[in-house]
Amino acid sequence: MLKFFASALISLSLVNLAYSQSTSILWYNQAAEEWEEGLPVGNGRLGAMVMGIPGQEHLQLNEDSLWPGGYEDWGLAEGKRADLDQIRAYLLAGDNKKADSLLVLKFSRKGVTRSHQTMGDLWFNFDWIESQNYRRSLNLETATVLTQFISEGFEVSQEVIASAPDNALIIRFKTNHPKGFNGEISMNRPEDNGFATAKTTALNDRQLEMSGMITQRKGQLDSKPVEILNGVKFRTLLFAQNQSGEISTTDSTLVISGAKEFMLKLVSATSFYHENFEAEAERQLEKIQLKSWGELLRTHETEYASWFERMDLQLSPNEPDNITTDARIERVKNGEVDLHLEKLLFDYGRYLLISSSRPGTNPANLQGLWNRHIAAPWNADYHVNINLQMNYWPADVTNLSQLNEPLFDFIDGLIENGKNAARENFDMAGSMVPHTTDLWQVAFLRAATAYWGGWIGAGGWIGRHYWDHYLFTQDRKFLEERAFPALEAISAFYSDWLVEYPADGTLVSSPSTSPENQFVNSKGEVVATTMGAAMDQQIIADVFNNFLKASELLGKETPLREKVKTQLPNLRPGVQIAEDGRILEWDQPYEENEKGHRHMSHLYAFHPGDAITKSETPEAFAAVRKTLEFRLANGGAGTGWSRAWLINFSARLLDGEMAHEHIQRLLAQSLYPNLFDGHPPFQIDGNFGYTAGVAEMLIQSHETGLIRLLPALPKAWASGSVSGLKARGDYTIDMTWQDGELQTCRIQAGKTGKILVLYDGSEMDIDLERGQSFEIEF
């Protein structure tokens, strides 16, 4: 290939390139009427949805550990190795339907209802007679929700932050109305099937306490009703601090009289995080009780900026933001292109991750942190068949690597519990990671159908995230202490799990499903289980490869390493191309029951895996496109997260126009007014998947020793800039482009090493010392 053309000016430097900054704000000229119109704040653990209703404000509150039950409540499924052997015998005999039934009967806990739950609500009843000139906004650069309006000619404002350094929600109210704020503030929590779940009491003349325990009286296990009467306990304290007027309390409310400025400080502690959570709540409040709004705001903004300002994306032209966010969505529905909205949604994904996943918290769940339910859709739990992984796709590439820590902390525990499942249920070594779990890291399969819950590939998929994190950070300590043990445990299970495929003696996963999809077998039955479905084979090959690479890097000579080295070349290929040029989803070209299914599991090897690339596997690369075209022609990708996956697929296909088409469809079809992703209902993975997809359009580094610059730049993004993107190998990338052509590029090395850089058919080898930069100006 050609080297970069000679007109490029090349230098080595340690100087940062400067980029213009523009404010990234969601804003509206009316209050929220529905929950999905509210604006989210969060500090990783504690959060709220702010409705911004003049006089009748409502904040729905959340804390990430509020779950019913406990670690020891539920045991594994009843299945044993003999049951597995029978399932495999059914598959060998062609009795897929019997295999489906026995898999669910013996190894699944079937329908499960045990949900993450809301912490409750803050209610405000102020006597504002009317409101004009209303504006409600969320500033993504400061993580502040601001509500402003005019009442009787006087200004009224409300500001809300969720401070991580001060571990609290803070709300400031201000007005220049001579009568000030007058009214009551209350705090409560929804009932659980008619039973009270919390009690609110005034502790003194300016403080409320809400305390309770999470229960699930309409719980479910094995598709049968189960009352869950124990769970995480919590104590929430609300403290009022006024600059003027008076504050008093009734038995359970705060009373505000004539206050022109006052502040609410809310803290909450739970038994999940603290044995003495009651005292911890008091300690948290005491820490901030005397702090001023200015002090709290400065600390919050400085800490938040240390995350958010690590990178910046601009899509030119930078026009004045004079259109409300909901109106922008409507414009895209009418066929317009809105680059500001595309950039805003990208920033929103980073904002949501910073706000729902911090070191020391639980990982972002299906709704991140923001859940108003006692029984949430899909329990707002952790689905490990794409959804949890997608939540963290943007973390490394958008320079938020440390935000992966809650994910790894959580999965480490799940892998430990999965060792019990591997041993007790299957008589195997290693760890069996289920496709869905919850706060208590249970390791049983769940779902009343085999196609939905009978999948064993979750461990390998989450293992890819451990490996990718190492590739991005080059953190050898992480590789040795966290990634390698995880890859080893997962590989050990798959090593024992594999059996011979009867047609050719290759090694396959059995029973094997393709997540949430079914096929029609030779008997005309709609079934799920087979031997060696594509995704399982691709995932097992991926985790074996990554385990072997990690073993070599660390010098780990083990019996498992030798066994895996022998098994890997004998795996039945997970990428098989059918006569029509598509990649097979199962082991044979079965008729598809749902030709436009939302999952595209048989493309795992292409994304997020790296086994299919244009440079190394051109035939399979072409087959990916045909596979996607077929899915889409049959109505595929109807949901937000599925559309977000298609953006990532399109970027990997190096097709910017295809990627942008899916961006347009996601904006038009899958966004609530507050930019939450609509499955529907709300599911946050689509937000994170979109942000990751945009990054994938700008930079790709999944091919070994190679970085692609602007690999899928659409015509709509003719000019722009990005700074702070990360590439595998611990490189930081800054770029500007004009009229579709790269103008400047700066690559800074976090580690000493060599890398091949590709742009628009040209290439260059660069060799950098740690901390050194390579700059190109065209």
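Where is the place of Pro681? Pro681 has its place in the loop between helix 17 and helix 18, and the legends below return to that loop after an overall view.

**Figure 1. Overall view of the predicted protein, with its 18 helices and 36 strands.** This is a predicted model, in which local features need pLDDT of at least 70 and side-chain atom pairs count only at pLDDT 80 or more, while totals for chains, interfaces and linings use all residues. Residues are numbered from 1 along each chain as its sequence is written, and side-chain values use heavy atoms, with hydrogens and water left out. Helices (H or I, at least four residues) and strands (E, at least two) are DSSP runs, numbered from the N terminus. The C-alpha trace spans about 85 × 70 × 50 Å along its principal axes. For 778 residues, a compact globule would have a radius of gyration near 28 Å, and the 27 Å of the protein agrees with this; the radius is taken over C-alpha atoms, and the globule rule is 2.2 Å times the number of residues to the power 0.38. Of the 778 residues, 63% count as buried, where buried means under 20% relative accessible area, exposed over 50%, and partly exposed in between (1.4 Å probe, protein chains only). Among contacts (heavy atoms within 4.5 Å) between residues at least 6 apart in sequence, 70% join residues at least 24 apart.

**Figure 2. Close-up of helix 5, residues 325-333, and its buried residues.** The buried residues of this helix are Thr325, Arg328, Ile329 and Val332. They lie on the same side of helix 5, because they cover an arc of only 100° around the axis, the arc being that of the directions from the helix axis to the C-beta atoms. These buried residues pack against strand 3 (25-28), helix 6 (339-356) and helix 17 (656-669). Helix 5 is followed by Gly335, which has a positive phi, near 100°.

**Figure 3. Close-up of Thr270 in strand 20, which comprises residues 261-270.** With a relative accessibility of 0%, Thr270 counts as buried. When its neighbours within four places in sequence are left aside, Thr270 is in contact with Glu63, Ser65, Leu66, Val232, Lys233, Phe234 and Phe277. Met213, which is 57 residues away from Thr270 in sequence, lies 9.3 Å from Thr270 in space, C-alpha to C-alpha.

**Figure 4. Close-up of two cis peptide bonds, one from His679 to Pro680 and one from Pro680 to Pro681.** The bond from His679 to Pro680 has an omega near -15°, whereas omega is near 0° for the bond from Pro680 to Pro681. Pro680 is placed in the loop between helix 17 and helix 18 (685-698), and Pro681 likewise has its place in the loop between helix 17 and helix 18.

**Figure 5. Close-up of Asp427 and Leu654, residues other than glycine with a positive phi.** Asp427, whose phi is near 60°, lies in the loop between helix 9 (405-426) and strand 23 (436-437). With a relative accessible area of 56%, Asp427 is exposed. Leu654, whose phi is near 65°, has its place in the loop between helix 16 (640-652) and helix 17. Leu654 is partly exposed, at a relative accessible area of 24%.
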